[in-house]
Amino acid sequence: MTNEAHNIPTSSHADAAVAQPDAAVAQPDAAAAQPAAATPAAAQPTAAAAADERIDYTPSLAKAWGHLRTISRHKLEVGRLCFKLGLYRQGLTHDLSKFGPTEFAVGARYFTGQGSPNDYERRDRGFSTAWLHHKGRNKHHFEYWMDIASRTDRRIVGKPMPGRYVLEMLCDRIAACKVYQGAAYTQHSALEFFTRNAAYNTLMDEQTRAFLGELLQIVADEGEDAGLARIRREYVRTKAPYGNGIPW
């Protein structure tokens, strides 16, 4: 998963935020003693912008190796989860485009070890070439299924995903949480991430969103082994449609 669906905060980010209180709050007397600066607020760099300026976006072998290790760990974990569901072909072919030159070159330039390289490319360039490439080639991303609503309605909307790709998306999200959260991961992590991103998830087809939420709830309630065993029994073996008859 790229995140996009994989832009998952790590525990180190949270610790850093707690460890560095706002200087204005920490020093109220000094702030009160100094007259307000005439510089417009828009001209003052934010902490995020200042941090971005300190990031070196030069490609290197160290970054390429770090990125390769991360995406390989993620791919292996997704494969393991897909195999538990009996989705063997999808487990083997998941995210192969990440290892091609278009997407991998972005990792070699923007890898930091603190989140998705796509997010850092987006900060640097305003958009992510790797993500645009990735979502157009991997059917387990709901963004792949965005299209014009109809002949008369020209809005771009989410279309229903076939069930097997929703299940691969489930595995992708669980694996991303495991890789990026590390020891902080719990069986509730993927559901919590889904809930926190409720506004973005409205881009997803309503029936697909409800089905994914149902699957994540099963894993959160029953754990990985029991939850995936139930999903395989009830959905994979029967190839049962979901929603209003959306096919497998």
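Modeller: Before we start: helices are DSSP runs of H or I with at least four residues, strands are E runs of at least two, and both are numbered from the N terminus. The model is predicted.

Colleague: Fine. How many helices and strands does the protein chain have?

Modeller: The protein chain has 15 helices and 2 strands.

Colleague: What share of the residues count as buried?

Modeller: The protein chain has 248 residues, and 43% of them count as buried. Its accessible surface is about 13500 Å², with 57% of that belonging to carbon and sulfur atoms.

Colleague: And of the contacts with a separation of 6 or more, what share comes from residues 24 or more positions apart?

Modeller: That share is 66%.

Colleague: Let's do charges. How many salt bridges are there?

Modeller: There are 13 in the structure. One of them joins the side chains of Arg80 and Glu224, at 2.8 Å from N to O. That pair links distant parts of the chain: Arg80 sits in helix H6 (residues 61–85) and Glu224 in helix H15 (residues 224–236), with their positions 144 residues apart.

Colleague: Which other side chain does Glu224 meet in a salt bridge?

Modeller: Lys84, with an N to O distance of 2.8 Å. This pair also links distant parts of the chain, since Lys84 is in helix H6 and Glu224 in helix H15, 140 residues apart.

Colleague: Are Arg80, Glu224 and Lys84 buried or exposed?

Modeller: Arg80 is at 35% relative accessibility, so it counts as partly exposed. Lys84 has a relative accessible area of 26% and is therefore partly exposed. Glu224 has 16%, which means it is buried, because the cut-off for buried is under 20%.

Colleague: Got a short-range one? What is the distance between Arg122 and Asp119?

Modeller: Their side chains form a salt bridge at 4.0 Å, N to O. Both are in helix H9 (residues 117–125), and because they are 3 residues apart there, about one helical turn separates them. Arg122 is partly exposed, at a relative accessible area of 28%, whereas Asp119 is buried at 16%.

Colleague: Which residues do salt bridges with shared partners join into one network?

Modeller: Glu77, Arg80, Lys84, Lys178, Glu224 and Asp225.

Colleague: Back to H6, then. Where is Leu81, and is it buried or exposed?

Modeller: Leu81 is in helix H6. Its relative accessibility is 0%, so it counts as buried.

Colleague: What is Leu81 in contact with, leaving aside neighbours within four places in sequence?

Modeller: Cys171, Ile174, Ala175, Glu224 and Leu228. For Ala175, which is 94 residues from Leu81 along the chain, the two C-alpha atoms are separated by 8.0 Å. Glu224 turns up again on that list; it is the salt-bridge partner of Arg80 and of Lys84.

Colleague: Now the outside. Which residues form a nonpolar patch on the surface?

Modeller: Phe83, Tyr88 and Leu92 form one, with about 310 Å² of accessible area together. Phe83 lies in helix H6. At 36% relative accessibility, Phe83 counts as partly exposed.

Colleague: Helix packing next. At what angle do the axes of H12 and H14 cross?

Modeller: Roughly 145°, and the axes of helix H12 (residues 189–196) and helix H14 (residues 206–222) come within 8 Å. The crossing is left-handed.

Colleague: Which residues of H12 and H14 make the contact?

Modeller: From H12, Ala190, Leu191 and Phe194; from H14, Arg209, Leu212, Gly213, Leu216, Gln217 and Ala220.

Colleague: Last topic, backbone. What is phi of Asp95?

Modeller: Near 60°, a positive value in a residue other than glycine. Most residues other than glycine have a negative phi, so a positive value merits a remark. Asp95 lies in the loop between helix H7 (88–93) and helix H8 (101–110). At 1% relative accessibility, Asp95 counts as buried.

Colleague: And what about phi of Lys239?

Modeller: Lys239 has a positive phi of about 50° and is not a glycine either. Lys239 is in the segment after H15.

How values were computed
Residues numbered from 1 in each chain as written. Predicted model: local features only at pLDDT ≥ 70, side-chain atom pairs only at ≥ 80, totals over all residues. Heavy atoms only, no water. Buried < 20%, exposed > 50% of the residue type's maximum accessible area, 1.4 Å probe, protein only. Patch = residues over 30% accessible without salt bridge, like charges linked within 9 Å, V, L, I, M, F, W, Y side chains within 5 Å. Areas by Shrake-Rupley, 256 points an atom, 1.4 Å probe, with all protein chains shown as cover. Axes fitted to C-alpha atoms, helices over the stretch in contact; angles between N-to-C directions. Left-handed = near helix turned anticlockwise from the far one by under 90°. Contact = heavy atoms within 4.5 Å.
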